[in-house]
Amino acid sequence: MDIMTEQLPISIQVSDDLVAQINNIAAICNKLEAQLNFHTMTANWYGEEENILLINFNLVGSNEFDSSNDSAEKMIKKDFLADDVFILSSTNKLLDCHVAITASELPLLQQKPKLLSGYLGKKLTKVLNLIAQQQGFEKI
């Protein structure tokens, strides 16, 4: 039996590098993905089905962030939201959002794994609220 999975508007991909460095980050991001999709749905981000904004979060380490930033130099629409967050817009309905776990954040998250879920939740919610402001959506 084939199980079809429908893509949610917000997805979170974690780099292999971060998966190797931070315990449980993939599981925490799966749970966070569901929460963020729910929060944006309740904030009525998806009122018009043909105009749904897809947001792909790419969570990377700071060294990967620098190299993805360099390769993104050729992209036309690149928007820095913070020194550790930039967005590449390939279309009006798709945003690739690169978010770095910085060199100062990494040791803290490795030493205190209980902080990871809340910290990532706040960081990605902050980015979504900046996107909401740009898109004219209600903040979550």
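**A walk from strand 1 to helix 5**

Strand 1 and strand 2 (residues 54–61) run alongside each other as a parallel pair, joined over 5 bridges. Keep in mind as you look around that this is a predicted model. To find the pairing by eye, start at Ile 12, which sits opposite Phe 57 of strand 2. Strand 1 itself covers residues 10–14, and 4 of its 5 residues are buried, so the rest of the structure largely encloses this strand.

Phe 57 is a handy signpost, since it also turns up among the contacts of Cys 97. That cysteine belongs to strand 5 (residues 94–101). Is Cys 97 buried or exposed? Its relative accessibility is 0%, so it counts as buried, the cut-off being under 20%. And what does Cys 97 touch, once you set aside neighbours within four places in sequence? From strand 2 (residues 54–61), the list takes in Ile 55, Asn 56, Phe 57 and Asn 58. Val 85, Phe 86, Ile 87 and Val 127 are in contact with Cys 97 as well. For a bit of scale, Leu 81 is 16 residues from Cys 97 in sequence, and their C-alpha atoms are 9.6 Å apart.

Val 127, one of those contacts of Cys 97, takes us on to helix 5, which spans residues 116–135 and also holds Asn 129. Asn 129 has a relative accessibility of 14%, so this residue counts as buried too. Where does its side chain go? The side chain of Asn 129 reaches the backbone nitrogen of Ile 140, at 2.7 Å. Not counting residues up to four places away in sequence, Asn 129 touches Lys 139 and Ile 140.

Key
Residues numbered from 1 in each chain as written. Predicted model: local features only at pLDDT ≥ 70, side-chain atom pairs only at ≥ 80, totals over all residues. Heavy atoms only, no water. Helix = DSSP H or I, 4+ residues; strand = E, 2+ residues; numbered from the N terminus. Buried < 20%, exposed > 50% of the residue type's maximum accessible area, 1.4 Å probe, protein only. Polar contact = N/O pair within 3.5 Å; in protein donor to acceptor, adjacent residues only side chain to side chain. Contact = heavy atoms within 4.5 Å. Pairing = 2+ DSSP bridges.
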